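Okay, thanks for squeezing me in. I'll put the model up, and then we'll walk through a few parts of it together.

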Amino acid sequence: LQAYDRVFRWQPGRPAPAGIAAYAVAAATAFAAIGLPLSSPVQLRAAGRLGGRKLGLGTSAGVVVATGEAIAAAHGRAFDLALLRACDDAHRAAQGGRGSGYDVFAMGQGHVSRYDRQARSVQALAWPHGLSAIALYAGQGANTRDAIGGRVQADDVTAGAIAAAERGLAAALAMADISAVLAAVDAAEAAFARLASTSTWLTSAGLQRVAAHVAAFGGHYRTSGAGGGDCGLGFFVSRHDADDAARAWHANGGLVVATLPDDLRDGGLVAAAEDATHAQ
């Protein structure tokens, strides 16, 4: 495994390396336990830092899923839901039993998807035609385990509002209804802001800068992940505004992590009605 400017090597039967490589070992161990041992060399490369900073883009989950996919391919086994659940088990084990699992399932499914934690399943969704989005790095990483480790003080009203917004977003995506998508994004962020008012580490100066930048270009802002750092998302009905916002962020030294739907096109999960000019 080449990651974080280091090279890690491991063979079955030897002690696991520390750090990010422990996640690859956890995946190999979990797959061996279900009859898919590491039978040939696996080479991995992870790019999770920029200028010495950890980006917080789910590198550990990515390493687990990449390891699982490589081992499955070596055995001629399709990477299905059962193996994705095995990756989730491995990721949790490497984190001392913690973690929601959403990052592993998001990595394994890819594109636009909805994760059901209780059922440990994932549903593919389509990106509505005409909606654009950008993911902007906030300048600092976040400790997700701290954020979801029981320190969040959510009352029933706030938790219910976040859940209702999530259900609304899933329904809006299923119907490719951009107005409903944006309304759900706004409702979710408003509820998250109420939560952050009591659990103050869920927001940061970097995220506030992302939010202000998105608003300045007429976008709708949403904090990503468990908050605390990492990335903020900007949703736009104008592709031109989204591109301008991305260029301005980059020009000011910021990192644009992703632009949507461009980064989804290869999977064919963009809703229909794209004309040739837009697709090109």
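So, to start: which strand does T223 lie in? T223 belongs to strand β9. And before anyone asks, this is a predicted model, so read everything I say with that in mind.

Is T223 buried or exposed? It's buried: the relative accessible area comes out at 6%, and the cut-off for buried is under 20%. Leaving out residues up to four places away in sequence, T223 touches E189, F192, L207 and C231. There's also a polar contact of 3.2 Å between the side chains of T223 and Y221. If you want a C-alpha to C-alpha number, T223 and A211 sit 8.2 Å apart in space, with their positions 12 residues apart in sequence.

Okay, zooming out to the sheet. β9 belongs to an open sheet of four strands, and the order is β9-β10-β8-β11, with antiparallel pairing. Why do β9 and β11 each have a side without a neighbour in the sheet? Because β9, residues 220-223, and β11, residues 256-260, stand at the edges, and each has a single partner strand. From one strand to the next, the twist averages 20 degrees.

Now β8, residues 132-137. Six of its six residues are buried, so β8 is largely enclosed by the rest of the structure. In a regular strand, side chains alternate between the two faces of the sheet. Here, S132, I134 and L136 point one way from β8, while A133, A135 and Y137 point the other way, and all of them are buried.

What about the pairing of β8? With β10 there are six bridges, in the antiparallel sense, and one residue match there is Y137 with C231 as its bridge partner in β10. With β11 there are four bridges, again antiparallel. On that side, A133 has L260 as its bridge partner, and L136 stands opposite V256.

There's a helix to add here too. α9, residues 239-251, lies across β8, β10 and β11, and runs at about 15 degrees to β8.

C231 has come up a couple of times, so, cysteines. At 6% relative accessibility, C231 counts as buried. C87 is at 0%, so that one counts as buried as well. How many disulfides does the structure hold? Zero.

Last stop is helix α2, residues 59-74. It has 16 residues and reaches 22 Å from its first C-alpha to its last, close to the 22 Å expected at 1.5 Å a residue. Which residues of α2 are buried? The list is T59, S60, A61, V63, V64, V65, T67, G68, I71 and A72. As for what covers them, that includes α1 (21-33), β3 (45-46), α3 (81-94) and α4 (102-109). And if you follow the chain just past the end of α2, you get to G76, which takes a positive phi of about 70 degrees.

That's my tour. Happy to rotate the model if anyone wants another view.

Note on methods. Residues numbered from 1 in each chain as written. Predicted model: local features only at pLDDT ≥ 70, side-chain atom pairs only at ≥ 80, totals over all residues. Heavy atoms only, no water. Disulfide = S-S within 2.5 Å. Buried < 20%, exposed > 50% of the residue type's maximum accessible area, 1.4 Å probe, protein only. Pairing = 2+ DSSP bridges. Helix = DSSP H or I, 4+ residues; strand = E, 2+ residues; numbered from the N terminus. Axes fitted to C-alpha atoms, helices over the stretch in contact; angles between N-to-C directions. Contact = heavy atoms within 4.5 Å. Expected span 1.5 Å × (residues − 1). Polar contact = N/O pair within 3.5 Å; in protein donor to acceptor, adjacent residues only side chain to side chain.
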